[in-house]
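Let's take a walk through this structure together. Have the sequence and the 3D view open side by side, and follow along at your own pace.

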Amino acid sequence: QVQLVESGGGLVQSGDSLRLSCAASGRRFSSLTMGWFRRAPGKEREFVASISWNRGNTYYADSVKGRFTISRDSAKNAVYLQMNSLNSEDTAVYYCAATLINIATMSHEYEYWGQGTQVTVSS
């Protein structure tokens, strides 16, 4: 069993930056691929970014590529999402997720989920 807790969300202005954190516990962190998903108002939950467990390769949705950066700190059992150049389209509840699958960009591929943290970007 894996427990995930997100933090770092908040209200920011367009163009601002924000860093989300996800703390993991209950399982060996180094064996998990970690991902970030988001659910915007009126939309389905979508993939944002992931970092694989075997080599730490990163993957990004086209909508955030070049603006967001995912990283992990195995010593702290944590994963982060650095978000730059935020705009109104980034407003959503952001979820941290974990899976044993090496490369995973789909919601159904993830087994463990956090409670979500709200990110609101005013224009």
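**A guided look at the fold**

Arg38 and Asp90 are both buried, where buried means under 20% relative accessible area, exposed means over 50%, and partly exposed lies in between (1.4 Å probe, protein chains only). Before going further, a word on the ground rules: this is a predicted model, in which local features need pLDDT of at least 70 and side-chain atom pairs count only at pLDDT 80 or more, while totals for chains, interfaces and linings use all residues. Residues are numbered from 1 along each chain as its sequence is written, and side-chain values use heavy atoms, with hydrogens and water left out.

Back to the buried pair. Arg38 forms a salt bridge with Asp90, with the closest N and O atoms 2.9 Å apart; a salt bridge here is a side-chain nitrogen of Lys or Arg within 4 Å of a carboxyl oxygen of Asp or Glu. This pair ties together distant parts of the chain, since Arg38 sits in strand S4 (residues 33–39) and Asp90 in the loop between strand S8 (78–83) and strand S9 (92–99), 52 residues apart. Helices (H or I, at least four residues) and strands (E, at least two) are DSSP runs, numbered from the N terminus.

Arg38 also forms a salt bridge with Glu46, and there the closest N and O atoms are 2.8 Å apart. Arg38 is buried because its relative accessible area is 3%, whereas Glu46, at 30%, counts as partly exposed. Look a little further and you will find Arg38, Glu46, Arg67 and Asp90 linked in a network of salt bridges. The count of salt bridges comes to four. One of them joins the side chains of Lys65 and Asp62, at 3.2 Å from N to O. Both of its ends are exposed: Lys65 has a relative accessible area of 52%, and Asp62 has 68%.

Now step back to the whole chain. The protein chain has zero helices and eleven strands. Its C-alpha atoms fill a box of roughly 40 × 25 × 25 Å, taken along the principal axes. For 123 residues, a compact globule would have a radius of gyration near 14 Å, and the protein chain agrees with its 13 Å; the radius is taken over C-alpha atoms, and the globule rule is 2.2 Å times the number of residues to the power 0.38. Of the 123 residues, 42% count as buried.

Strand S9 is a good place to linger. It is largely enclosed by the rest of the structure, because seven of its eight residues are buried. S9 runs antiparallel to S4, joined by seven bridges, and two strands pair if DSSP finds at least two bridges between them. Here Arg38 turns up again, with Tyr94 in S9 as its bridge partner. S9 also pairs with S11 in the antiparallel sense, over three bridges, and Val93 stands opposite Gln118 in S11. With strand S10 (residues 112–113), S9 shares two bridges, again antiparallel; Ala97 stands opposite Trp113 there.

What lies inside? In soluble globular proteins, nonpolar side chains tend to be buried together. The largest nonpolar core has 35 residues, of which Leu4, Met34, Trp36, Val79, Leu81, Met83 and Tyr94 touch the most other members. Such a core is a set of buried Ala, Val, Leu, Ile, Met, Phe, Trp, Tyr and Cys residues joined through side-chain atoms within 4.5 Å. Strand S3 (18–25), S4, strand S5 (46–51), S7, S8, S9 and strand S11 (117–122) each supply at least two residues of this core. S9 gives the most, with five residues.

Let's finish with a few local details. Thr69 is found in strand S7 (residues 68–73) and, at 42% relative accessibility, counts as partly exposed. Leaving aside neighbours within four places in sequence, Thr69 is in contact with Tyr60, Tyr80, Leu81 and Gln82, contact meaning heavy atoms within 4.5 Å. In the loop between S7 and S8 you will meet Asn77, which has a positive phi of about 50 degrees although it is not a glycine. Ser85, in the loop between S8 and S9, likewise has a positive phi of about 50 degrees without being a glycine.
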